[in-house]
Amino acid sequence: MDAKDAEDPDALAEFFERALDRIAGGYPRAFAEAADEHALRAENARFAGPSGELTRWMKRMPELPAERRRELGKRANELKQRLQQALSERIEGLQRAAREAELSGPHLDVSLPGRGQPIGRLHPLSQTRNELLRVFSAMGFDVADGPEVELHEYNFDRLGFPPDHPATDMQDTFFVDVAAGDANAGGAGVGAGDDGRASVLLRTHTSTVQIREMLRRKPPLAVVSAGATFRRDDDATHSPMFMQLEGFMVDEGVSFSQLKGVLTAFLRRIFGSDLPVRFRPSYFPFVEPGGEVDMGCTICRSYQGHDGSSCRVCKGSGWIEILGCGMVHPVVFEAVGYDPERYTGFAFGVGVDRITMLRHGISHVGLLYGNDPRFLEQF
Ligand code: DAH
């Protein structure tokens, strides 16, 4: 017979009593094993919740035989109180344990300032490059790009370098070992050497972009391009990887005086309007006449009246060589299919590393490529 449908009041009293014993024997362990307050409350509900076992039995008290009702009712109420008491004690115990675990756990020092997320910034070379490109853009130059892995043909041949020019020597140039079929730079015909290998290299200068842009476009054009260049050089002022900026302008009637005007304006924009600038004749295969530009030494600033006699950067001369330039050689125009009788142009190449070093007074070019945060943080 099930307790639920016990009709006989005496039998019911019997079941009632056993239920009280069962509950009294069960809750201490159930409460003790509850690992947290949530589990504990669930256990409690099993006994004393609205549909808990004790609650259900207590609802049936009116059915108990009159002579036992008082006694059993008292026991049930006492049990209910004990449950209530045990529940609050256990809750307190759990809370105390949690608090103790917190106190004896790892120390959280809320007065310690938070660790901020470090904010990155552009590398000083990128900063300088962007600024130079901005200056030339403002003068109307377009910005172009070219590959760092380049054809011998674009790096040397079409720029008028004779085949045996010393710049093409293994000592100066990093040649890339690729099979002729692998090289497809710019879709142009790849010059293959006697051994059937394409002549591919890490560009030694950005003058390659002159060839690429002139092949791609027709005059008038004014273009600047900046990027990495590579030579087998390594000392305080030369890194095997360095950065150049190339510029050129081609149209009918472009003159040397325009070259002087553009370059003087450019250098003064970067280094100050009182910067002395001078042009000297020099030789590059792709220009005629060719020149080099010197500017006043911005390290000793002797042009501002400072004593520069012991300056190590300009060696007391007051001048620093800063760029190469010239009027585009007719052989270059022929190499790109422009009529040299109709067009003239000027071109120039600047070391972005050198400008960066001069702007910031950096003494060793290797610092620019060392990726040392202690150095880079300063810009
Ligand atoms: N390409 C030369 C170099 O790397 C620099 C240069 C000189 C570029 C004269 C030019 C130029 O465009 O006209 O040393």
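**Ligand shell, helix packing and backbone geometry**

A polar side-chain atom of serine 207 is placed 3.0 Å from a nitrogen atom of the ligand, a polar contact being a pair of N or O atoms within 3.5 Å (within protein, one must be able to donate a hydrogen and the other to accept it, and residues adjacent in sequence count only if both atoms are side-chain atoms). The model is a predicted one, in which local features need pLDDT of at least 70 and side-chain atom pairs count only at pLDDT 80 or more, whereas totals for chains, interfaces and linings use all residues. Residues are numbered from 1 along each chain as its sequence is written, and side-chain values use heavy atoms, with hydrogens and water left out.

Two further side chains approach oxygen atoms of the ligand: an N or O atom in the side chain of arginine 231 lies 2.7 Å from a ligand oxygen, and for glutamine 244 the corresponding distance from a side-chain N or O atom to a ligand oxygen is 2.8 Å. The protein buries 91% of the 350 Å² that the ligand exposes when taken alone, with accessible areas obtained by the Shrake-Rupley method with a 1.4 Å probe (for residues, only the protein chains shown count as cover). Around the ligand there are 15 residues, of which His205, Ser207, Arg231, Gln244 and Glu246 come nearest; a residue is near a molecule or strand if one of its heavy atoms lies within 4 Å of it. This shell divides into six nonpolar, seven polar and two charged residues, where Ala, Val, Leu, Ile, Met, Phe, Trp, Tyr, Cys and Pro count as nonpolar, Asp, Glu, Lys and Arg as charged, and the others, Gly among them, as polar. At least two residues of the shell are supplied by each of the strands E6 (241-251), E9 (319-328) and E10 (344-351), helices (H or I, at least four residues) and strands (E, at least two) being DSSP runs numbered from the N terminus.

Helix H10 (residues 352-360) packs against helix H8 (residues 256-271) at an angle of about 40°, with the axes 11 Å apart; axes are lines fitted to C-alpha atoms, for helices over the stretch in contact, and angles run from 0 to 180 degrees between N-to-C directions. H8 is therefore oblique to H10, given that angles under 35 degrees count as roughly parallel, over 145 as roughly antiparallel, 65 to 115 as roughly perpendicular and the rest as oblique. Phe266, Ile270 and Phe271 of H8 make the contact with Ile355, Leu358 and Arg359 of H10, contact meaning heavy atoms within 4.5 Å. By class, this contact of H8 with H10 holds five nonpolar, no polar and one charged residues.

The axes of helix H5 (residues 124-138) and H10 come within 9 Å and cross at roughly 105°, so H5 is roughly perpendicular to H10. Here the residues of the contact divide into five nonpolar, two polar and four charged, among them Leu125 and Arg129 in H5 and Ile355 and Arg359 in H10.

In the backbone, the peptide bond from proline 219 to proline 220 is cis, with omega near 5°, and proline 220 is located in the loop between helix H7 (208-216) and strand E5 (221-230). A cis bond also runs from glutamate 288 to proline 289, with omega near -5°, proline 289 lying in strand E8 (residues 287-296). Lysine 315, in the loop between E8 and E9, has a positive phi of about 55° although it is not a glycine.
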